[in-house]
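Below are my notes on the model, set out as numbered points. Please read them with the structure open.

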Amino acid sequence: MRPLLFNAFLLLFSGMLSAQPTYEVRIFTRDAETKKPVPFVSLQIENGPGGTSDIEGIWRIELPYGPITINSSALGYESDPLRETISANRQLLLELRPTAATLETVTVTTDDASERQLRPLMGVERLTLKELAVLPVALGEVDVFRGLQTISGVNSAGEVSNGISVRGGTIDQNLVLLDGAPIFTPTHLFGLFSVFTPDAVGGVDLYRGNIPARFGGRLSSVVDVQTRNPTSDNLKLSGGLGLISSRVTVETPMTKDKRLKVLAAGRAGFNDFIFGLVERLKNTQSNFVDGTVKLRYTANENNIVTLSGFYSKDFYAIDLLNNFAGIAATSNQYDYHTLNGTLDWLKVINDKLSLSSRLVSSDHQPNILFPQEEEDRKIRYGSRIQYRSLQNSLDYRLGGGHQFTGGFQLIHYKLNPGFLEPNGSESLLAQQLDQEQALESSLFLADEWTVTDKLRLSLGVRYTKFDQLGPGSVRTYPAGEELAEGTLEDVTHAGSGVMNSYDGLEPRLGLSYQLLPSTNVKASFAMTRQYLQNIYNATTPLPTSRWKVSDNNIRPQRAQIVSAGIYQLINGGAYEFSLEGYYRKIDNLLEYKPGADFFLTPRVETDVLQGEGRAYGIELSMKETKGLVTSQVNYSYARVQNRVQGPTFNTRINRGEWYNGYFDQPHTLSASISAKDGPANTFNLNFTLQTNRPYTAPNGYVISNDLSVPLFLERNNDRLPVYHRLDFSWRIHNPKLKKRRWTGDWIFTVYNLYGRKNIFNTYYVPVTTRPSTGVVNTNPLQSFELTIFGAPIASLTYSFNFE
């Protein structure tokens, strides 16, 4: 009898529960400063359902009677839990405080995995300073580029490369921006790490698929680095002391009403003493500084003005190379600096409409200094790039799931390609190449459209008109013949005005379709053009490599990329899985002739060639994102091939057949694991394994004046040995675990933990002496392999925060 009564009681109780009323609740997500809707915020009710606010910043849900707690997550924002009691239909307001959001990006992309999966964007990744800080890197420096290299499809050219390669593209095919201002030389210390002041970085967006229509000018990717906004109402101080560099950051309000706030961050490194510990590098010098300042003024809830500035300066000297372009010197000294400024104004017109205006200035001046033996003088070779930009964009949230962005951008380039100052040297004459100017005018329009609950589209187009401006010289060569001194047909000198023009449309398309609640498929297409070229004939450009605007002989490069993929969340988002494939076709690919020398060459078009390229690959990524132990494994299969079919033997490479590009690295595997041991200790391991890049090996040799000279008939015909490396870091956060105004962290890192001697390059020189080993060696050439870091590199850094 008792079981029957108990079952009847359960049935009655469950019926009462099922009859309990529910109420319609609408949650509005708003920016706490602008009062503007924040779309795509990830929302989670504790011990209940979760979801995402729609394009208008609204989440609708039915909830039963009782108290609730709502947590939120949106990249660039922070908020406190919202606690309410539901007893009727309610409208709740959840305000989010901006932390690292940029003014231009009014629509803030969330870092929630489910929302990233739904958005119709491919090849988009975001890193935060928190994620960068835990990566074990060379010499203990927090670094943007090292963080990007943990992403599938992003590789380095080697230990000391001056940038990154994205999906096989060359280094200059990446548009690197800091608050909208371009960075032309983005690395410090021989390319070991990037120039961005670590504590000032708020976020890093990498676009390598369907690049948004507001960006243009490069083929492979856009690296959009944003400095964080000053938000503190009190004085905050942070910094760090390390072997390679030391840094300090100050954040504080500057007015009593706290409408004007400032963030100032600086870093300096003086590393001569480290190189002195190695005998062959004892005369090597390297010093650098960088600094970032950001002022943010909130006039009212509808107007925010931000002014940011950036300065970077490097000096390094190498005495291993004492002859450059025929100029003898005791050493080569590289001295280059960048000065950038950005002024932003955000005007919120109403809840659905806002206007963003941006003025940008960038000034980059690289120099090579040649100290003369027995003379107190230095010969100077230098160049300069001046960049000015005006951009306006209008954001409009329309009903029906549409979010429009449209605007224009004007860019003015002024280049000094090169000059030589003898500074009293009687053996040299002063030289000055003709200056170059260009105007790039663009219109762009984009719509992110939520068609249905399962289907979203990203539709965009960019139209660009490029004008090469005078004064200057227009050199004409016969059609279908080699561009050479002997074939020059005519030279005309143009005054001010347009010398040459290019234009074209660049469509950008994206699609996302939800197959299952946790599975999405995406596809995208993008066309891009590059009007500003970096010309060099090495694997990676030097800071002083020459930049060149497109003209009547050097046509702009153009790329088309198609990509598709599948994305899945497992166990409620604790695990993420993605598989992407892509194919990119390049026209007017820039290459160089054998033996090309671009140093102070007035007719640079006679030393370059243009052909075609293709890049294709598959990228697999798996992440475990929740818990005390998190991990990530990325694998990519990627190929890069070029073809140059000129009209003559001198204008063909490898007989006009396809050959491997400089960043053709078919297999890349990267894995990382992070483990927390209590609140104080975090351990990280990063492992990288990849096919090393191609290089050019001699096909034989010829004898000239009793000297064996290597003979190179094919380009990139061999490959360096496989590259692999393991890095380790241990971070101790606030060791005494006491809440104080001053907290400190110790970071111990080991780069190349097991001391792998990875080969950076291979050189061939004539054999001068032969060892008496009894082994007969008839090859008159001897190869030398260069290793940059052949042993573990340990470093210790102390970081602090005060508020």
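1. In this predicted model, strands 3, 2, 5 and 7 lie in that order in an open sheet of 4 strands, with antiparallel pairing. The edges are taken by strand 3 (50-52) and strand 7 (82-86); each has a single partner strand, so one side of each is left without a neighbour in the sheet. From one strand to the next, the twist averages 25°. Within this sheet, strand 2 (residues 42-45) is joined to strand 3 by 3 bridges in the antiparallel sense. Ser-42 has Thr-52 of strand 3 opposite it.

2. Some totals for the protein as a whole. There are 5 helices and 53 strands. The chain counts 803 residues, and 53% of them are buried. Among contacts with a separation of 6 or more, 65% are between residues 24 or more positions apart. The accessible surface is about 35,400 Å², and carbon and sulfur atoms account for 57% of that area.

3. Strand 25 has pairings with strand 22 and strand 26 that can be followed residue by residue. Strand 22 pairs with strand 25 over 16 bridges, antiparallel, and Ile-304 has Leu-346 of strand 25 as its bridge partner. Strand 25 is also joined to strand 26 (residues 353-371) by 16 bridges, again running antiparallel. Here Thr-342 is opposite Val-360 of strand 26. The connection from strand 25 to strand 26 is a hairpin through 4 residues. As background when inspecting such pairs, side chains in a regular strand alternate between the two faces of the sheet.

4. How many salt bridges does the structure hold? The count is 30. One of them joins Asp-335 to Lys-313, with 2.7 Å between the closest N and O atoms. This pair links distant parts of the chain, since Asp-335 belongs to strand 25 (residues 332-348) and Lys-313 to strand 22 (residues 303-318), 22 residues apart. Asp-335 counts as buried because its relative accessible area is 18%, under the 20% cut-off. Lys-313 is partly exposed, at 28%. The salt bridge therefore has one buried partner and one partly exposed partner.

5. Arg-380 and Glu-421 form a salt bridge through their side chains, at 3.4 Å from N to O. They too link distant parts of the chain: Arg-380 is in strand 27 (residues 378-398) and Glu-421 in strand 28 (residues 402-421), 41 residues apart. Arg-380 has a relative accessibility of 24% and so counts as partly exposed. Glu-421, at 29%, is likewise partly exposed.

6. Are the partners Lys-548 and Asp-551 buried or exposed? Lys-548 is buried, with a relative accessible area of 3%, and Asp-551 is buried as well, at 5%. Their side chains meet in a salt bridge of 2.8 Å, N to O. Elsewhere, Arg-167, Arg-208, Glu-580 and Glu-619 are joined into one network by salt bridges that share partners.

7. Arg-167, a member of that network, also turns up beside Ala-615. Ala-615 sits in strand 40 (residues 608-624) and counts as buried because its relative accessibility is 2%. Although Ala-615 and Arg-167 are 448 residues apart along the chain, 7.3 Å separates their C-alpha atoms. Leaving out residues up to four places away in sequence, Ala-615 touches Arg-167, Tyr-582, Tyr-583, Arg-584, Arg-639 and Val-640.

8. Where is Thr-197 found? Thr-197 is in the loop between strand 15 (193-194) and strand 16 (201-207). This loop residue is buried, because its relative accessibility is 3%. Its side chain makes a polar contact of 3.1 Å with the side chain of Thr-292. Not counting neighbours within four places in sequence, the residues in contact with Thr-197 are Ala-265, Gly-266, Arg-267, Asp-290, Gly-291, Thr-292 and Phe-310.

How values were computed
Residues are numbered from 1 along each chain as its sequence is written. This is a predicted model: local features need pLDDT of at least 70, side-chain atom pairs count only at pLDDT 80 or more; totals for chains, interfaces and linings use all residues. Side-chain values use heavy atoms; hydrogens and water are left out. Helices (H or I, at least four residues) and strands (E, at least two) are DSSP runs, numbered from the N terminus. Buried means under 20% relative accessible area, exposed over 50%, partly exposed in between (1.4 Å probe, protein chains only). Contact means heavy atoms within 4.5 Å. A polar contact is a pair of N or O atoms within 3.5 Å; within protein, one must be able to donate a hydrogen and the other to accept it, and residues adjacent in sequence count only if both atoms are side-chain atoms. Two strands pair if DSSP finds at least two bridges between them. Axes are lines fitted to C-alpha atoms, for helices over the stretch in contact, and angles run from 0 to 180 degrees between N-to-C directions. A salt bridge is a side-chain nitrogen of Lys or Arg within 4 Å of a carboxyl oxygen of Asp or Glu. Accessible areas come from the Shrake-Rupley method with a 1.4 Å probe; for residues, only the protein chains shown count as cover.
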